[in-house]
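Welcome! Here are a few exercises to work through with the structure open beside you. Try each task before reading its solution.

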Amino acid sequence: MIHGPCGEGHPSCACMVNGECSKNYPKEYCEKTTILQNGHVRYARPKNRISTKKNGVAVDNAFVLLHNVDLCVKYQAHINVERVSRDGMEKYLFKYFTKGFDCSKVGLQRKRASGESSTCTKGVNEIQDYLECRCIAPNDAAWRLLQFEIHHTNPSVERLPVHLPLGNSVVYNEDDSLEQVLQNPWNQITKLTAWFEANKTYPEAVCYTYAEFPEHFTWHADGKYWDYRRGTVKVARSYSEIRTIEGQQYPTFQAACQAPGLLGDDREWLSAIVDAAHWALPYQLRFY
Ligand SMILES: [Zn+2]
């Protein structure tokens with residue numbers, strides 16, 4: 001896990017921009033690891049005179065990349081590891097799954113015949129021999145073909161503000177008139193005040209605490225109000241309502257249970273066959 005060698009004498013190293021290393025190597029020596037005010041971490045790089053050679057160049061702690069020895073040994077791979085200590089870093093959990101497929105640009109060069117002059121470029125079509133490649137692994141392809149989710153968050157989080165009367169935060173533009181911002185009644189409505197209103201409007205709402213509220217009600221930011229979460233009303237006022245699923249009334253209780261798939265039936269075999277039809281060969285379908 002050694003960077004470079006770059007710097008003077010190695011201008012062709014990929015990190016070199018305008019004669020300097022764009023990754024700021026070699027790093028400064030440092031006796032112990034410290035976490036800086038801005039959340040960055042300064043790792044220990046003791047000046048202990050231990051050095052090694054990479055491509056014939058002597059390098060020491062100043063060139064070591066951030067890593068974890070256990071992970072490198074276990075996976076026998078080049079793995080960068082860095083401590084996460086700033087807000088917003090969780091985006092890295094999702095970023096690499098969603099940013100798209102791996103790509104590479106490849107130039108193909110024809111091997112020159114042994115007797116040929118080294119300056120001869122006859123017959124080489126530079127444009128044609130330049131390829132833009134997409135690297136896609138079979139599991140990646142299958143995942144997208146079968147339209148599985150690329151990511152999902154669970155549980156979903158609804159941030160509920162708690163504040164004193166008129167003590168809520170307000171977002172406004174730099175050039176807005178402060179007086180108008182303060183006098184605008186719209187700015188005084190928050191999820192908390194709207195919860196008070198919802199409790200007056202919906203008699204059922206009083207069963208839930210503020211924290212439980214988002215499970216049963218949806219926040220509409222455009223109109224700043226709470227509304228019943230669709231499909232979560234679990235009450236019935238008659239037998240016929242028990243037999244009603246998604247607006248359709250069924251003749252029997254059994255049929256009403258069958259509709260949302262609460263009872264076992266042949267559907268799982270049907271969907272297994274439909275599933276297999278996408279990936280199995282005909283003889284495999286017959287065999288299994
Ligand atoms: Zn460098």
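Keep in mind that this is a predicted model.

**Exercise 1. Check the span of helix α9 against the expected value, then decide whether the helix is mostly covered or in the open.**

Solution.
- Start with the length: α9 covers residues 267-279, which makes 13 residues.
- Next, take the distance from its first C-alpha to its last, which is 19 Å. At 1.5 Å a residue, 18 Å is expected, so the two values are close, given that the expected span is 1.5 Å times one less than the number of residues.
- Finally, look at burial: of the 13 residues of α9, one is buried, so the helix lies largely in the open.

**Exercise 2. Find the donors of the zinc ion and work out their geometry.**

Solution.
- The zinc ion is coordinated by NE2 of H3 and by the SG atoms of C6, C15 and C21, at 2.0 to 2.4 Å.
- Along the chain, these donors follow the spacing H-x2-C-x8-C-x5-C.
- C6 sits in the segment before β1 (16-17), while C21 belongs to strand β2 (residues 20-21), so this pair ties together parts 15 residues apart in sequence.
- Both C6 and C21 are buried.
- For the geometry, tetrahedral requires all angles between 85 and 135 degrees. The four donor atoms subtend 105 to 117 degrees, so the arrangement is tetrahedral.

**Exercise 3. Describe how strands β5 and β6 are arranged.**

Solution.
- β5 (residues 51-54) and β6 (residues 57-60) pair in the antiparallel sense, over four bridges.
- To locate one bridge, start at T52: its partner in β6 is V59.
- The two strands form a hairpin with two residues between them. In the turn, N55 has a positive phi of about 50 degrees.

Note on methods:
Residues numbered from 1 in each chain as written. Predicted model: local features only at pLDDT ≥ 70, side-chain atom pairs only at ≥ 80, totals over all residues. Heavy atoms only, no water. Donors = N, O, S within 2.8 Å, 3.2 Å for Na, K, Ca; no water. Tetrahedral: all angles 85-135°; square planar, octahedral: opposite > 155°, others 65-115°. Buried < 20%, exposed > 50% of the residue type's maximum accessible area, 1.4 Å probe, protein only. Pairing = 2+ DSSP bridges.
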